[in-house]
Amino acid sequence: MTKAAPDPRAVREASLDELSRLGLPLPPPSFPLVWELGDTVELRPVAELEARAAVLHVVVARCFGMPTEAAMSWLLASHLVELVTPPEWQFVIGAKGDHRSFVLHHDAVFALAWLLGLGRHLDPTVPPDDHLMAQMPDLPAGETFGRWRSRSLVAVRDAAEAAVLLDLYYCLDWAYQEAEQAGLPLPGEVDSNAIGQRRWALEWAVIFHGPYHDKPPEWEEVDLSV
């Protein structure tokens, strides 16, 4: 459901307050807002959020030893093959690509699980909850995508709430990288890579409508450079 996005300047002020509380560097005054006053916001459809989380879950499982044939069979049986991006497919079928970068997708799954209401929080100072894997498809047991969707108690987050968290992670992404480059201590157990993965998921999932927004990007098109 599309709704009015919250006041971006009030949200940004709250994000900067949180950075200050965490002892992180603050971005410059010219740091852009994520959206403008008067924009509307919505989340991608639930089925898309679930599918993206499931695909990434399989990719991460491949990093930790899930056999190629098992991963391919699961994706085929779940009718998700067309939603696997080319880099993900190359990794699933041939372990091609940066193994470490695919491992990091665990934090993207964490963010998507939060959006689906399967995670209790998205605290930037702590790693994914231990119970996250239990909330995702049970791949070793052969639980299909359809069966997982049937047992999952999905309660999708409010789009405005997700937008507020996206703004925070947009600022955190900048602050964590600055802190690491300056050799400053980080406030918790995660680093800028994990923060970036969570931001990636939020940037993809939260859709704004307004005069300055382009068409929503595909997963591999999300721009984390700004």
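The following questions and answers concern two pockets and one helix in a predicted model.

Q: What makes R44 and W219 part of the lining of the second largest pocket?
A: A lining residue must have an atom within 4 Å of a pocket point. R44, E48, A51, R52, L83, T85, W204, E218, W219 and E220 line this pocket, so each of them satisfies that cut-off. The second largest pocket has a volume of about 230 Å³, and helix α2 (residues 46–63) contributes the most to its lining, with 3 residues.

Q: How are the lining residues of the two pockets divided into nonpolar, polar and charged?
A: In the largest pocket, with a volume of about 610 Å³, the lining comprises 15 nonpolar, 1 polar and 8 charged residues. Among its 24 lining residues, V34, E203, F208, H213 and D214 are the closest to the centre. Asp and Glu count as charged and Val and Phe as nonpolar. The second largest pocket has 4 nonpolar, 1 polar and 5 charged lining residues.

Q: Which elements each supply at least two residues to the lining of the largest pocket?
A: These are α9 (159–181), α10 (192–205) and β3 (206–209).

Q: How do you know that the span of α9 is close to the expected one?
A: The expected span is 1.5 Å times one less than the number of residues. Helix α9 has 23 residues and an expected span of 33 Å, and it reaches 33 Å from its first C-alpha to its last. The two values therefore agree closely.

Q: Why does the pair formed by D158 and A160 at the start of α9 count as a polar contact?
A: A side-chain oxygen of D158 reaches to within 3.0 Å of the backbone nitrogen of A160. The cut-off is 3.5 Å, so the pair qualifies. After α9 comes G183, with a positive phi near 70°.

Terms used:
Residues are numbered from 1 along each chain as its sequence is written. This is a predicted model: local features need pLDDT of at least 70, side-chain atom pairs count only at pLDDT 80 or more; totals for chains, interfaces and linings use all residues. Side-chain values use heavy atoms; hydrogens and water are left out. On a 1 Å grid over the protein atoms alone, a cavity is a set of points where a 1.4 Å probe fits but cannot get out, and a pocket is an open set with protein on both sides within 12 Å along at least five of seven lines; lining residues have an atom within 4 Å of a point. Grid points are joined across faces, edges and corners, and a volume is the space filled by probe spheres set on the points. Helices (H or I, at least four residues) and strands (E, at least two) are DSSP runs, numbered from the N terminus. A polar contact is a pair of N or O atoms within 3.5 Å; within protein, one must be able to donate a hydrogen and the other to accept it, and residues adjacent in sequence count only if both atoms are side-chain atoms.
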